[in-house]
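Notebook open, model loaded. I want to jot down what I look up as I go, one entry per topic.

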Amino acid sequence: MSSSSLIDADRKHLIHPVINYRAHEARGATVLESGHGAYLRDIDGNELLDAFAGLWCVNVGYGQQSIVDAATRQMTKLPYATTYFHFSSEPAIELAEKLVSLAPASLRRVYFTLGGSDAIDSAVRFITHYFNATGRPSKKQMIALERGYHGSSSVGSGLTALPAFHRHFDLPLPHQHHLPSPYAYRQANGDDPQALIAASVAALEAKVAALGADNVAAFFCEPIQGSGGVIVPPAGWLKAMRDACRRLGILFVADEVITGFGRTGPLFACEAEGVEPDLMTVAKGLTSGYAPMGAVLISDEIYQGIAGDARDTAVVGHGQTYSAHPVSAAIALEVLRLYHEGGLLANGQAQAPRFAAGLDGLLEHPLVGDSRHRGLLGALELVADKDSRARFDASLKLPERIAAAAYRNRLIFRAFGDNILGFAPALCYTEADFDELFARLERTLDEVLDEAEVRAAL
Ligand code: PMP
């Protein structure tokens, strides 16, 4: 199919996620064709540097032949095996054992899903089942954070606290609550890490007190909020929230869908603070996007509560056809090998200072108000006034301008609605890739700054 007929057919038939449908009909798709290392190629032959790892998922980079080989071997041998009816498969079992051995020690059992949304959905179902089965049916209220993202399932979208996920969807549900996120740049006490941590803990305590501890099931958070604009909390925040949940008698759920698999340095962000969650959701970097897969890992206490006693012979009614899919599992096993034996985790850690320095260096730029990062996850926040931190007016459509200029400079990252630019380079990035990223990014910002409407808004 030619480039124009592909774009035409996309416009007519393909519904894209999280997009304005009319804007997409008018603009048409950018069709990607191939990838290698840190680079993508579009259907017109343009080579694009991907500074967003697809959708913060292709942590190993594109074109890793050993993954293709692992998938091919598994597809040839056994393309599908159900894990219903007591069946299992070798890659599924090996992956479960491996993941549990790598995850925080509190997590002993794993349920595999197709991605992050159904990992969250599974977590919610397990939590509900656990409290009902262990005689605490009043524990139903769930707390998450403003600007949080926990996927797009019917229940997860309510835990998510981004306006587009609630508007016209009758969300959040009555038992879903949100607390302010630890957004240092935009919080009154933001420059004082201890005050920020204390404010989050106090907000959680107050919410649990208001709802009644006997009614609260769990607190959900991302160790670093991704889709909400890469909100990096101060060191110690995650541990403080985990400890608060234990004190308050509620479950702590770490949503590591973005932060897992080396994105922030260690394999999981929880590791950095010795945090042991009751449940943890993962996806994205688990297979690096080479096939769909996610998982929820749970503590033995929750597992035992759900399993109940041997006299209860009813099945636990939770499952999907493709849970623990053997091809995805074989891919995940090879991806995990690349992180460790393949040296990608170490490379990501070694390159992180270069990434941090590149972002911080752009604080000098007239458009940039804030730079924040951990590991290879980072953001720049653009402001109209650096002193007051005033945002640009939405009518300026700055994110669209930035995305267009970035594409002209053959660079891909994420320009969020409130003028936050998100970056998640693959763990395979070389020094040369980072040099290219920051050269192209600076050129992009300069070009946008040169636009008359933007200058006028400063
Ligand atoms: N949780 C978090 C923290 C995420 O970032 C995402 C996806 N961006 C999800 C859950 C949902 O994952 P998926 O898109 O694979 O359903």
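**Entry: strand β9.** I started with strand β9 (residues 279-282) and checked which of its faces are covered. Both are: Leu279 and Thr281 are buried on one side, and Met280 and Val282 are buried on the other. That split fits the usual pattern, in which side chains of a regular strand alternate between the two faces of the sheet. Note to self: this is a predicted model.

**Entry: partners of β9.** Next I looked up the strands that β9 pairs with. Strand β8 (residues 251-255) pairs with β9 in the parallel sense, over three bridges. With strand β10 (residues 294-299), β9 runs antiparallel, and four bridges join the two. Thr281 turned up in both pairings: Asp255 stands opposite Thr281 in β9, and Thr281 in turn stands opposite Val296 in β10.

**Entry: Leu297 and the core.** I then asked which residues have the most contacts inside the largest nonpolar core. They are Phe219, Ala295 and Leu297, in a core of 126 residues. Helix α13 (residues 326-339) supplies the largest share of this core, 10 residues. Domain 1 (31-63 + 343-457) and domain 2 (66-339) each put at least three residues into this core. I pulled the contacts of Leu297, leaving out residues up to four places away in sequence: Leu99, Ala103, Leu107, Arg109, Val110, Leu279 and Met280. So two residues of β9, Leu279 and Met280, are on that list.

**Entry: Cys270.** I wanted to know whether Cys270 is buried or exposed. Cys270 counts as buried because it has 26 C-beta neighbours inside 10 Å, and the cut-off for buried is 20 or more. Cys270 sits in helix α11 (residues 269-272). Skipping residues up to four places away in sequence, Cys270 touches Pro104, Pro223, Leu238, Ala254, Glu256, Val275, Pro277 and Met280. Met280 is also among the contacts of Leu297. I also checked Cys270 against Pro425: they are 155 residues apart in sequence, and 20 Å lie between their C-alpha atoms.

**Entry: ligand shell.** I moved on to the ligand and asked how many residues surround it. The count is 15, and the closest are Gly115, Gly116, Ser117, Gly151 and Val257. Helix α6 (residues 116-133) gives the most to this shell, with three residues. Sorted by class, I get five nonpolar, eight polar and two charged residues in the shell.

**Entry: the two domains.** The chain is divided into domain 1 (31-63 + 343-457) and domain 2 (66-339). Taken over C-alpha atoms, their centres are 27 Å apart. For the contact between them, I find 28 residues of domain 1 against 21 residues of domain 2. On the domain 1 side, α3 (53-56), α14 (344-361), β11 (368-374), β12 (377-382) and β15 (420-423) supply at least two residues each. Of these, α14 gives the most, with five residues. By class, the domain 1 side has 14 nonpolar, eight polar and six charged residues.

**Entry: the four-stranded sheet.** Last stop was an open sheet of four strands, in the order β1-β2-β3-β13, with mixed pairing. Its edge strands are β1 (32-36) and β13 (411-412), and each pairs on one side only. In between, strand β2 (residues 39-42) and strand β3 (residues 47-50) run antiparallel and are joined by three bridges. I looked up the bridge partner of Leu40 in β3, and it is Leu48.

How values were computed: Residues are numbered from 1 along each chain as its sequence is written. This is a predicted model: local features need pLDDT of at least 70, side-chain atom pairs count only at pLDDT 80 or more; totals for chains, interfaces and linings use all residues. A residue is near a molecule or strand if its C-beta atom, placed from the backbone, lies within 6 Å of it. Ala, Val, Leu, Ile, Met, Phe, Trp, Tyr, Cys and Pro count as nonpolar, Asp, Glu, Lys and Arg as charged, and the others, Gly among them, as polar. Domain bounds come from an automatic or database domain assignment. Two residues are in contact if their C-beta atoms, placed from the backbone, lie within 7 Å. Two strands pair if DSSP finds at least two bridges between them. A nonpolar core is a set of buried Ala, Val, Leu, Ile, Met, Phe, Trp, Tyr and Cys residues joined through C-beta atoms within 7 Å. A residue is buried if 20 or more other C-beta atoms lie within 10 Å of its own, exposed if 12 or fewer, and partly exposed in between; C-beta atoms are placed from the backbone.
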